[in-house]
2 protein chains.
Amino acid sequence: METPPFTSKQTELACLAKALAHPARIAILEVLRQRQACYCGDIVEELPLAQATVSQHLKVLKDAGLIQGTIDPRRSCYCIDPEGWARAHQLLGDWWTDYEAPAGPRCCE
Amino acid sequence: METPPFTSKQTELACLAKALAHPARIAILEVLRQRQACYCGDIVEELPLAQATVSQHLKVLKDAGLIQGTIDPRRSCYCIDPEGWARAHQLLGDWWTDYEAPAGPRCCE
DNA sequence: AGTTTTTATCGTATATTTGCGATGGATATG
DNA sequence: CATATCCATCGCAAATATACGATAAAAACT
């Protein structure tokens, strides 16, 4: 598709948003935040999706740096990646708070 | 695709994230935050995209409630929707801060 | 060695997103 | 009235995303 030139910050933000842009992935992150031990199978049980699909969503989150998982082939254990999570949190937070309330009258009314 | 049952909050968050999941839309929001008068043509000039494409992205943002535009057919004027923006900001903020630092040792190490 | 359990990956089908040229409608301007 | 401007929308093509069954690999267990 050859995405044209955007700021790297704009691209980063969009990528982060894309990782969050599916209810299943939001749900997975919520599960990981509540539990301590997070085997893939446990997560599959919590979601109304097939194992292959969950595995795919986990990969998206991992590629986005939001979670980390051991490569133990017996039972894959996932958890929030603290560094990635903090980075994402700050990235988003900065962006939103860059803009403060419009206060005055809007331009198009 | 028949998306299976997720929380309405999870779905809302995912929808919001989807609206932000493209650098062009991030860029558009940034333009709208800086300028006062935001005619469609002005936005097109700022972006490396065709007018039709920009119009499409504007529609996505409008459907997400993040921006509003007058229907004046002469020159369409867009701006941030203060209510929608605040709602989105809070939705995201709440979700992120629901989870505080992991502190202790992680489960999968 | 065979079996079971767990999970990543492949292949495939379907749906959605993205981008853009072309079109049309509405309005101003000559 | 003819023409120019501005912009939403249509239609199409290409790229991605989503879902899942099937398969494979690795380890534990018999």
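A polar contact is a pair of N or O atoms within 3.5 Å. A:Gln56 offers an example: an N or O atom of the A:Gln56 side chain is 3.2 Å from a base nitrogen of DNA strand D. The legends below describe a predicted model.

**View 1. Chain A, element by element.**
Chain A holds five helices and two strands. Read from the N terminus, the order is α-α-α-α-β-β-α. Chain A has 109 residues, and 45% of them count as buried. Consider the contacts in chain A between residues at least 6 apart in sequence. Of these, 47% join residues at least 24 apart.

**View 2. DNA strand C and its protein surroundings.**
There are 24 residues around DNA strand C. Those that come nearest are A:Gly41, A:Ser55, A:Arg74, A:Tyr78 and B:His57. Among the atoms of DNA strand C within 4 Å of the protein, 71% belong to sugar and phosphate. By class, the surface near this strand comprises ten nonpolar, eight polar and six charged residues.

**View 3. Polar contacts to DNA strand C.**
Which part of DNA strand C lies 2.9 Å from a polar side-chain atom of A:Gln51? It is a base nitrogen. A:Ser55 and A:Ser76 face phosphate oxygens instead. For A:Ser55, an N or O atom of the side chain is 2.3 Å from a phosphate oxygen of DNA strand C. For A:Ser76, the corresponding distance to a phosphate oxygen of DNA strand C is 3.1 Å. Three elements give two or more residues to the surface near DNA strand C: helix H3 (40–46) and helix H4 (51–63) of chain A, and helix H4 (51–63) of chain B.

**View 4. DNA strand D and its protein surroundings.**
Around DNA strand D there are 24 residues. A:His57, B:Gly41, B:Gln51, B:Ser55 and B:Tyr78 come nearest. Sugar and phosphate make up 74% of the DNA strand D atoms that come within 4 Å of the protein. The surface near DNA strand D divides into ten nonpolar, eight polar and six charged residues.

**View 5. Polar contacts to DNA strand D.**
A:His22 and A:Ala50 each pair with a phosphate oxygen of DNA strand D. The A:His22 atom is an N or O of the side chain, at 3.3 Å. The A:Ala50 atom is a backbone N or O, at 3.2 Å. A:Gln56 reaches a base nitrogen of DNA strand D, with a side-chain N or O atom at 3.2 Å. The elements giving two or more residues to this surface are H4 of chain A, and helix H3 (40–46) and H4 of chain B.

**View 6. The largest cavity.**
How many cavities of 30 Å³ or more does a search of the whole structure find? The search finds one. About 80 Å³ of space lies in the largest cavity. Chain A contributes A:Leu13, A:Leu16, A:Ala17, A:Leu20, A:Leu92 and A:Trp95 to the lining. Chain B contributes B:Leu16, B:Ala17, B:Leu20, B:Ile26 and B:Leu92. By class, the lining has eleven nonpolar residues, no polar and no charged. Helix H1 (8–19) and helix H5 (82–97) of chain A each supply at least two lining residues, as does helix H1 (8–20) of chain B.

**View 7. B:Trp85 and its contacts.**
B:Trp85 sits in helix H5 (residues 82–97) of chain B. Is B:Trp85 buried or exposed? It counts as buried because its relative accessible area is 5%, under the 20% cut-off. Beyond residues up to four places away in sequence, B:Trp85 touches A:Trp95, A:Trp96 and A:Tyr99 of chain A, and B:Leu29, B:Arg33, B:Gly65, B:Leu66 and B:Ile80 of chain B. B:Ile67 is 18 residues from B:Trp85 in sequence, and the two are 7.7 Å apart, C-alpha to C-alpha.

**View 8. B:Trp95 and its contacts.**
B:Trp95 also belongs to helix H5 of chain B. B:Trp95 is buried, with a relative accessible area of 4%. Setting aside neighbours within four places in sequence, B:Trp95 contacts A:Leu20, A:Ile26, A:Leu29, A:Glu30, A:Arg33, A:Trp85 and B:Leu13. B:Gln10 is 85 residues away along the chain, with its C-alpha 9.6 Å from that of B:Trp95.

**View 9. B:Gly69 in a strand.**
B:Gly69 is part of strand S1 (residues 67–69) of chain B. B:Gly69 is buried, with a relative accessible area of 18%. Apart from neighbours within four places in sequence, B:Gly69 is in contact with B:Lys62, B:Cys77 and B:Tyr78. The C-alpha atoms of B:Gly69 and B:Cys40 are separated by 9.5 Å, across 29 residues of chain.

Methods:
Residues are numbered from 1 along each chain as its sequence is written. Chains are lettered from A and ligands numbered from 1 in the order in which they are written. This is a predicted model: local features need pLDDT of at least 70, side-chain atom pairs count only at pLDDT 80 or more; totals for chains, interfaces and linings use all residues. Side-chain values use heavy atoms; hydrogens and water are left out. On a 1 Å grid over the protein atoms alone, a cavity is a set of points where a 1.4 Å probe fits but cannot get out, and a pocket is an open set with protein on both sides within 12 Å along at least five of seven lines; lining residues have an atom within 4 Å of a point. Grid points are joined across faces, edges and corners, and a volume is the space filled by probe spheres set on the points. Helices (H or I, at least four residues) and strands (E, at least two) are DSSP runs, numbered from the N terminus. Ala, Val, Leu, Ile, Met, Phe, Trp, Tyr, Cys and Pro count as nonpolar, Asp, Glu, Lys and Arg as charged, and the others, Gly among them, as polar. A residue is near a molecule or strand if one of its heavy atoms lies within 4 Å of it. A polar contact is a pair of N or O atoms within 3.5 Å; within protein, one must be able to donate a hydrogen and the other to accept it, and residues adjacent in sequence count only if both atoms are side-chain atoms. Buried means under 20% relative accessible area, exposed over 50%, partly exposed in between (1.4 Å probe, protein chains only). Contact means heavy atoms within 4.5 Å.
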